[in-house]
Amino acid sequence: MTELRIALGAMEFGTRIDEQTSFALLDEYVDAGGEWIDTANCYAFWKHESGRGGQSEELLGRWFAARPGVRERVKLATKVGCEPLWPGSFPEHTEGLTEQAIDTAVETSLRRMGVDHIDLYWAHRDDLSTPLEETVAAFGKHAAAGTIGRIGLSNYALWRVERARGLAEQQGVMGPTALQMRYSYLQPRPFVRDNAHDHRFGWITDEMLDYADRNTEQDLFAYSPLMSGGYEREDRPFHQAFDHPGTTRRLEALDKVAAELGVTRNEAVLAWLIGGSPSIIPIVGMSTPTYLRTALSGARLTLPTTLRAELDEPW
C-alpha cells in the first residue's frame, strides 16, 4: 500500500470528541493505510474542566491497549512545551523546554500512552528563557536512549532551527529533522499574521519552503491545512487577515479545479499540499467519518500538472 502523506490530528480526542467516536476514527484511519498520529501532552487543556492537558494521550493509550499490534502500524508524534504550569496560566507560564521539563514530559507521555518510544517528538514552541544548548542536549539524550526516534520543532523561527541544528552537530547528538507550522492554500496578508494566530513564528513561509526544498532531510508538517472547515462551511468564515484580493482569486481557481476533478475544495487543497515541492504533510483533525474519508481521498489525489499550475498562478 502506498504511503499516505497525511497525519491524523488527535488534539480533541478525549475531550470534545468522545471515546467511541475517537476509537472509530483511529480505526478507520489506520485501516485505510494512515500512519502518522499527532498529539501533544497539553491537549486539550482548554477543553477540560481541570485546566490541564493529557486527555488525548490518555485516550490514545486506551486505544493502543484495546488494539493489540496496532502500535507497530503507526508513527506516533507528541509534543512538549505548552502544558500550563497551573490552570489558566497559558500562554505566559508553561512547562517550557528545560532538561527537567523534557525529562518529566517524556516519562509522562510514554506512561499515558503505554508505549516505550515516541517516533517523532516535537518542541511545541520555542522557549527563549532556556538556553538552546540545554534543550538540544535534552532531546539528544532521549534520542540516544531510544525513547524518541526523531526530533521536530514547531512554531520556531527558522534562524532558531538552524542554530539548534548547529548545536546538535557540535554536541554530537541528534538534531531536528521535522518542522511543524500552520499552512494552507490561502495565505493571510503580510504582517497581520499575529492577529490570526497565537504563534508569531508558527507559519510556513516562502523562506521555509525553500529551506525544506533544499534540505530534503527536513519534513514539513502543516497544521490547520483546512482552515477549521472554512473551505466547505459557510458558518466557518475565514479570519479577516485573509480578506484580500489574493484570497478571492485563489478561491476562484480552487473552485474551478475542484469542479473539473469532481472533488471538494478540501480534497483539492490536500492534494496541492502533498503534491508540491517540497511535499508537505498535512495534519487533519477530523470529528466524523465523512470528513475523514474526504481527507483520505484528498491524500490519494494527484493533481494533473496543468491544474496544479492553475492553483499556483493566482496570488
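# Exercises on a predicted barrel model

The side chains of Asn155 and Ser154 form a polar contact at 3.2 Å. The structure is a predicted model, and the exercises below start from this residue and move outward.

## Exercise 1. The setting of Asn155

Task: Determine where Asn155 lies, whether Asn155 is buried or exposed, and which residues surround Asn155.

Solution.

Step 1. Locate the residue. Asn155 belongs to the loop that links E5 to helix H5, the latter spanning 158-171.

Step 2. Classify the accessibility. The cut-off for a buried residue is under 20% relative accessible area. Asn155 has a relative accessibility of 6%, so Asn155 counts as buried.

Step 3. List the surroundings. When neighbours within four places in sequence are set aside, the contacts of Asn155 are His124, Arg125, Asp126, Gln180, Met181, His197, His199, Phe201, Gly202 and Tyr223.

Step 4. Inspect the backbone. Phi of Asn155 is positive, at about 60°, although the residue is not a glycine.

## Exercise 2. A second positive phi

Task: State where Ser224 lies and which accessibility class Ser224 falls into.

Solution.

Step 1. Examine the torsion. Ser224, a residue other than glycine, has a positive phi near 55°.

Step 2. Place the residue. Ser224 is in the loop between strand E7 (219-223) and helix H8 (245-261).

Step 3. Apply the cut-offs. Partly exposed covers the range between buried, under 20%, and exposed, over 50%. With 28% relative accessibility, Ser224 is therefore partly exposed.

## Exercise 3. Pairing around strand E5

Task: Identify which residues pair across E4, E5 and E6, and explain why E5 is described as largely enclosed.

Solution.

Step 1. Begin with E4 and E5. Strand E4 covers residues 118-123 and strand E5 covers residues 148-154; the two run parallel and are joined by five bridges.

Step 2. Assign partners. Leu120 stands opposite Arg150 of E5, and Trp122 has Gly152 of E5 as its bridge partner.

Step 3. Continue to E6. The pairing of E5 with E6 is parallel and extends over four bridges. Gly152 has Ala178 of E6 as its bridge partner. Gly152 thus appears in a bridge to Trp122 and in a bridge to Ala178.

Step 4. Assess burial. In E5, five of the seven residues are buried, so this strand is largely enclosed by the rest of the structure. Strand E6 (residues 176-182) has six of its seven residues buried and is therefore also largely enclosed by the rest of the structure.

## Exercise 4. Strands E2 and E3

Task: Determine how many bridges join E2 to E3 and how many residues of E3 are buried.

Solution.

Step 1. Count the bridges. Strand E2 (residues 36-38) runs parallel to E3, and three bridges join them.

Step 2. Name a pair. Trp36 is opposite Lys75 in E3.

Step 3. Evaluate the cover. Strand E3, residues 75-80, has five of its six residues buried and is mostly covered.

## Exercise 5. Cis peptide bonds

Task: Which peptide bonds are cis, and where do Ala44 and Pro91 lie?

Solution.

Step 1. Consider Tyr43 and Ala44. The bond from Tyr43 to Ala44 is cis, with omega near -10°. Ala44 sits in the loop between E2 and helix H2 (55-66).

Step 2. Consider Phe90 and Pro91. These residues are joined by a cis peptide bond with omega about 5°. Pro91 sits in the loop between E3 and H3.

## Exercise 6. The whole chain

Task: Describe the overall fold, and explain why the chain is called as compact as a globular protein of its length.

Solution.

Step 1. Establish the fold. Eight strands form a closed barrel in the order E1-E2-E3-E4-E5-E6-E7-E8, with parallel pairing. From one strand to the next, the twist averages 30°.

Step 2. Count the elements. The protein chain has 11 helices and eight strands.

Step 3. Compare with the globule rule. The radius of gyration is 19 Å, close to the 20 Å that the rule gives for 315 residues, so the chain is as compact as a globular protein of that length.

Step 4. Add the supporting quantities. The C-alpha atoms fill a box of roughly 55 × 40 × 40 Å along the principal axes. Of the 315 residues, 56% are buried. Among contacts with a separation of 6 or more, 76% are between residues 24 or more positions apart.

Conventions: Residues numbered from 1 in each chain as written. Predicted model: local features only at pLDDT ≥ 70, side-chain atom pairs only at ≥ 80, totals over all residues. Heavy atoms only, no water. Pairing = 2+ DSSP bridges. Axes fitted to C-alpha atoms, helices over the stretch in contact; angles between N-to-C directions. Rg over C-alpha atoms; globule rule 2.2 N^0.38 Å. Buried < 20%, exposed > 50% of the residue type's maximum accessible area, 1.4 Å probe, protein only. Contact = heavy atoms within 4.5 Å. Polar contact = N/O pair within 3.5 Å; in protein donor to acceptor, adjacent residues only side chain to side chain.
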